[in-house]
Amino acid sequence: MEMRELLSQYGFDGDNTPVVMGSALCALEGRQPEIGVQAIEKLLDHVDEYIPTPQRDLEQPFLLPVEDVFSISGRGTVVTGRVERGTLKKGEEIEIVGNFNKTFKATVTGIEMFKKELDAAMAGDNAGILLRGVKRDEVNRGMVLAKPGTVTSHKKVLASLYILSKEEGGRHSSFGENYKPQLFLRTTDVTGTLRFPEGADHSQMVMPGDNIEMEIELVRKTPIEVNQRFNIREGGKTVGTGLVTRIVE
């Protein structure tokens, strides 16, 4: 009863949400099937029935933020990450866009997901992409693989921000112009300086709980796009969120 009340408290359908009791450990060890294998199978049936399949953004140009990079002896460099949009096929040419406006091209020679080789990767897939002619130290976390010519790096943007209140776990105090938090964009993090846009009152203070538009200057050029969401962090905790509304520079 307490679990259903808690679900309702946070806006979910607590009265009708399926609840399955079981033990993953029992399923792994092959004992007590009524709370082991049978319960896990029942849980998966409810997941298929209750949770709608998310729509994949397949029409947009391919984009994969790099999460990790490693080398396979005799084969080349593999980058891993979740495909954000589009489709990538083996043999296609992609562009690697990184920090400081570092950009170069490579050819995809293999695609793998959960230890199975595939002919293509599509939006939503967590895939490993094998690249030809790329050294391990040329790619790092935070870069993106993209269809050539579709993504560029920028240093200054205009963004709509929401600053979390104290009750939401955010800041306890206000901040002014030239505040320098860490911005987490896709798989990278970069320091940014927040300033009020031209024509605004530059002496104003931003309070916890405020929605405000500000100009952000990053310390380095970073792959970023209009309508891209990001988190604002300070001292190891999230203090705000943002949405890029315009590229300035």
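A pocket here is an open set of points on a 1 Å grid over the protein atoms alone, with protein on both sides within 12 Å along at least five of seven lines; a cavity is a set of points where a 1.4 Å probe fits but cannot get out, and lining residues have an atom within 4 Å of a point. Grid points are joined across faces, edges and corners, and a volume is the space filled by probe spheres set on the points.

Before you start clicking: this is a predicted model, where local features need pLDDT of at least 70 and side-chain atom pairs count only at pLDDT 80 or more, while totals for chains, interfaces and linings use all residues. Residues are numbered from 1 along each chain as its sequence is written, and side-chain values use heavy atoms, with hydrogens and water left out.

**Stop 1: the domains**

Colour the chain by domain: 3-50 is domain 1, 63-146 is domain 2 and 153-247 is domain 3. Those bounds come from an automatic or database domain assignment. Now put a marker at the C-alpha centres of domain 2 and domain 3; they sit 29 Å apart. Where the two touch, domain 2 brings 15 residues and domain 3 brings 9 residues, with contact meaning heavy atoms within 4.5 Å.

**Stop 2: the largest pocket**

Select Val78, Glu112, Met113, Gly128 and Ile129, which lie nearest the centre of the largest pocket, out of 19 lining residues. The volume of this pocket is about 270 Å³. Next, show strand 2 (68-72), strand 3 (76-82), strand 6 (103-113) and strand 9 (126-132), the elements that each give two or more residues to its lining. Strands are DSSP runs (E, at least two residues), numbered from the N terminus. Which strand gives the largest share of the lining of the largest pocket? Strand 9 does, with 5 residues.

Colour the lining by class and you get 9 nonpolar, 5 polar and 5 charged residues. Ala, Val, Leu, Ile, Met, Phe, Trp, Tyr, Cys and Pro count as nonpolar, Asp, Glu, Lys and Arg as charged, and the others, Gly among them, as polar.

**Stop 3: the second largest pocket**

Jump to the second largest pocket, with a volume of about 170 Å³. To centre on it, pick Pro61, Phe62, Thr87, Glu92 and Lys147, the closest to its centre among 14 lining residues. Strand 4 (87-89) and strand 5 (93-97) are the elements giving two or more residues to this lining, and strand 4 gives the most, with 3 residues. By class, this lining has 6 nonpolar, 3 polar and 5 charged residues.

**Stop 4: the cavities**

How many cavities of 30 Å³ or more does the structure hold? There are 2. For the largest, select Gly142, Val144, Leu185, Arg186, Thr187, Thr188, Pro223 and Gln228; they surround a volume of about 40 Å³. That lining divides into 3 nonpolar, 4 polar and 1 charged residues.

The second largest cavity holds about 30 Å³. Its lining is Val157, Leu183, Leu185, Ile216, Leu218, Ile224, Phe230 and Val244, with 8 nonpolar, no polar and no charged residues. Strand 12 (182-185) and strand 14 (211-223) each supply at least two of these residues.

**Stop 5: strands 12, 13 and 14**

Stay with strand 12 and add strand 13 (residues 188-195): the two run antiparallel, joined by 4 bridges. Two strands pair if DSSP finds at least two bridges between them. Together strand 12 and strand 13 form a hairpin with 2 residues between them, and Arg186 in the turn has a positive phi of about 55 degrees. Look for Leu185 opposite Thr188 in strand 13.

Strand 13 also pairs with strand 14, antiparallel over 4 bridges; here Leu194 stands opposite Ile216 in strand 14. In strand 13, click on Thr193. Is Thr193 buried or exposed? Thr193 counts as buried because its relative accessible area is 10% (buried means under 20%, exposed over 50%, partly exposed in between, for a 1.4 Å probe and protein chains only). Leaving out residues up to four places away in sequence, Thr193 touches Asn178, Tyr179, Lys180, Glu215, Ile216 and Glu217.

**Stop 6: Leu243**

Finish on strand 16 (residues 237-247), where you'll find Leu243. Leu243 is partly exposed, because its relative accessibility is 23%. Among its contacts, again leaving out residues up to four places away in sequence, are Leu158, Ala159, Ser160 and Phe230. As a last distance to draw, take Leu243 to Asn231: 9.0 Å from C-alpha to C-alpha, with their positions 12 residues apart in sequence counted as separation.
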